[in-house]
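Here is a short briefing for you to read alongside the coordinates. Please have your viewer open as you go.

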Amino acid sequence: MSTIKFIAKDLNDLNHIAKEILNVYCYNKIFALNGNMGAGKTTLTKAFCEQLKVVDTVNSPTFAIVNEYITEFGESVYHFDCYRLKSFKEFLDIGGEDYLYSNNYCFIEWPQIIEDNLPENYIKIDITTDEQNSTRIILTTKK
């Protein structure tokens with residue numbers, strides 16, 4: 001298991017961190033973002049999408065469960081919010097497994113209900129904020 005830590009003091013830092021993560025983990029396309037309400041899961045997903053050249057507006061899919069965004073290259077990027085899901089079966093009912101194995105980027109907020117069923121090569125991202133409003137990002141991989 002390996003762990004990498006980042007600290008972002010502002011949005012510009014988040015964009016640089018997102019770029020570095022995508023470069024380092026260029027073969028991993030599934031990212032599970034954990035953090036308390038307001039920790040920055042959607043903000044980090046927006047930074048990832050900016051780096052991936054998404055042309056759509058990136059918003060939290062709280063009620064839709066999944067949003068699909070398109071990049072300027074015509075590729076799909078999926079953004080999940082699993083907060084309202086009660087079981088992995090509900091995730092399957094919305095076609096979740098098809099998204100995970102689509103070979104497209106998947107950014108999953110509140111992944112706890114499905115985490116045990118994610119593909120083995122997913123990247124776990126824990127996000128917290130400190131007293132100085134800095135965002136701490138810790139990535140964990142199984143390899």
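What follows covers the sheet, the helix on it and the aromatic rings.

This is a predicted model. Its seven strands form an open sheet with mixed pairing, and a search of the whole structure turns up 10 aromatic pairs.

**The sheet**
- Reading across the sheet, the strand order is 1-7-6-2-5-4-3.
- At the edges you will find strand 1 (2–8) and strand 3 (66–70), each of which pairs on one side only.
- From one strand to the next, the twist averages 20 degrees.
- Strand 6 (residues 123–129) and strand 7 (residues 135–141) run antiparallel and are joined by six bridges.
- Aspartate 126 has isoleucine 138, in strand 7, as its bridge partner.

**The helix on the sheet**
- Helix 1 (residues 11–24) packs on the sheet and touches strand 1, strand 2 (30–35), strand 5 (105–109) and strand 7.
- The direction of helix 1 makes about 160 degrees with that of strand 1.

**The aromatic rings**
- Among the 10 aromatic pairs, phenylalanine 80 and tyrosine 99 have ring centres 5.4 Å apart and planes at 80 degrees, so this pair is edge-to-face.
- The pair links distant parts of the chain, with phenylalanine 80 in strand 4 (residues 76–81) and tyrosine 99 in helix 4 (residues 96–100), 19 residues apart.
- Phenylalanine 80 counts as buried because its relative accessibility is 0%, whereas tyrosine 99, at 22%, counts as partly exposed.
- Both rings belong to one aromatic cluster formed by Tyr78, Phe80, Phe88, Phe91 and Tyr99.

Terms used: Residues numbered from 1 in each chain as written. Predicted model: local features only at pLDDT ≥ 70, side-chain atom pairs only at ≥ 80, totals over all residues. Heavy atoms only, no water. Phe/Tyr/Trp six-rings, centres within 6.5 Å; stacked < 30°, edge-to-face > 60°. Helix = DSSP H or I, 4+ residues; strand = E, 2+ residues; numbered from the N terminus. Buried < 20%, exposed > 50% of the residue type's maximum accessible area, 1.4 Å probe, protein only. Pairing = 2+ DSSP bridges. Axes fitted to C-alpha atoms, helices over the stretch in contact; angles between N-to-C directions. Contact = heavy atoms within 4.5 Å.
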